[in-house]
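Biologist: I should like to go through this model with you, one question at a time. Please give the reasoning before each result.

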Amino acid sequence: MTVTTASPSDPIARRGGVSAMLAGIRPLFKKDIREWRHGVRIWVVLVVTALFMCLAAANGWIQTWVIANVPEAAASADKVISMAPMDNLLIAAGSQIFVIAAIFASMSLLVSERDRGTLAWVASKPVSRTSIWISKFASATVVLWVVAGIVPIALTGIVLAVLYGAPSITGLVLIALGIGAAIALFVAVVLAASTLAPSQPAVAAIAFAVFFLPSILGAIVPFAIQPFFPTSILDWAAGLAIGANVGFVTPIAWLVAIVALAAFSARRMERLDL
């Protein structure tokens, strides 16, 4: 299904610049947030992410208990288990389960609506196609940051406090911000891929390639290139949390990647056959 091109008498066609580019952004954002709230995926993401992160944070305590109470386990133990709250917070965040959840939760946002014809119907209204993409990106990022980032990291903080002692509030906040930045990046990757790929599996494949490729390249290239990847934004936030000298390369790469993905997607959306 193809949407008719706006005529010069159309209100959007008569506008120019940013106002035309962002036409209809507010009602679109409200609609998308409402759809997230009424769906079941946010609860699935919340439960899976929170449970996984809390168990990852508790793993050190569980291993210590097993070693102390099971002679066979004590005999085979070959590493020192840290009981420091920050170390176990980094283990929980390092699982990056929230990235996987964000990929699966957002890979249908454009593809399924395009397949059902809903996207063509929305595009026929007085809204711009760029606004449709930005609304999907902003609403998914906000919702997923809350249900896959803020709430799970808060629950993880409670687990850390009970098992190891109170974690650093600053560390929790910085990790939560890093999680939000990582989620935003991969939502942008998924939505950009959705303007290219015809199906959800193809979109997921592209997103996971972006997720794993930096680690593969980092292991091959003989010098440190990880800070130059926008996907290292969580590592950058974790470095800040432990007081490391992390510089500004990674957040700049992250910002450039977000802007580039948005610009690419806006161009693709205008050419997309709905």
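Biologist: Which backbone oxygen does the side chain of Ser265 reach?

Modeller: In this predicted model, Ser265 is part of helix α14, which covers residues 249-271. At 2.7 Å, the side chain of Ser265 is within the 3.5 Å limit for a polar contact. The backbone oxygen it reaches is that of Leu261.

Biologist: With which side chain does that of Ser265 make a polar contact?

Modeller: Leaving out residues up to four places away in sequence, Ser265 touches Leu191, Ala192 and Thr195, as well as one further residue. That further residue also has a side chain joined to the side chain of Ser265 by a polar contact of 3.3 Å. The partner is Trp133.

Biologist: Is Ser265 buried or exposed?

Modeller: A residue counts as buried under 20% relative accessible area. The relative accessible area of Ser265 is 0%, and therefore Ser265 is classed as buried.

Biologist: How many helices does the protein chain have, and how many strands?

Modeller: Read along the sequence, the pattern of the protein chain is α-α-α-α-α-α-α-α-α-α-α-α-α-α. Its C-alpha trace spans about 80 × 45 × 30 Å along the principal axes. The count is 14 helices and zero strands.

Biologist: Among contacts between residues at least 6 apart in sequence, what percentage joins residues at least 24 apart?

Modeller: The protein chain has 274 residues, and buried residues make up 47% of them. For the contacts in question, the share joining residues at least 24 apart is 78%.

Biologist: Which helix gives the largest share of the largest nonpolar core?

Modeller: The largest nonpolar core holds 75 residues, and Phe98, Ile132 and Leu144 have the most contacts inside it. The largest share of this core is 18 residues, and they come from residues 169-194, helix α11.

Biologist: Which residue numbered above 200 is in contact with Ile132?

Modeller: Neighbours within four places in sequence are left aside here. The contacts of Ile132 then include Leu28, Leu110, Leu119, Val122, Ala123 and Val127. The remaining partner is Met269.

Biologist: Why is Phe52 counted as partly exposed?

Modeller: Phe52 is found in helix α4, residues 41-69. Leaving aside neighbours within four places in sequence, Phe52 is in contact with Ser95 and Ile97. Partly exposed residues lie between the limits of 20% and 50%. Phe52 is counted as partly exposed because its relative accessibility is 41%.

Biologist: How many of the nine residues of helix α13 are buried?

Modeller: Helix α13, residues 233-241, is mostly covered. Its buried residues are Ile233, Leu234, Trp236, Ala237, Ala238, Gly239 and Ala241. What covers these residues includes α6, α7, α11 and α14. The number buried is seven.

Biologist: What is the phi of Gln96?

Modeller: Gln96 lies in the loop between α6 and α7. Most residues other than glycine have a negative phi. Gln96 is a residue other than glycine, yet its phi is positive, near 55°.

Biologist: Which residue just after α13 takes a positive phi?

Modeller: The angle here is about 85°. The residue that takes it is Gly243.

Terms used: Residues numbered from 1 in each chain as written. Predicted model: local features only at pLDDT ≥ 70, side-chain atom pairs only at ≥ 80, totals over all residues. Heavy atoms only, no water. Helix = DSSP H or I, 4+ residues; strand = E, 2+ residues; numbered from the N terminus. Buried < 20%, exposed > 50% of the residue type's maximum accessible area, 1.4 Å probe, protein only. Contact = heavy atoms within 4.5 Å. Polar contact = N/O pair within 3.5 Å; in protein donor to acceptor, adjacent residues only side chain to side chain. Core = buried A, V, L, I, M, F, W, Y, C linked by side-chain atoms within 4.5 Å.
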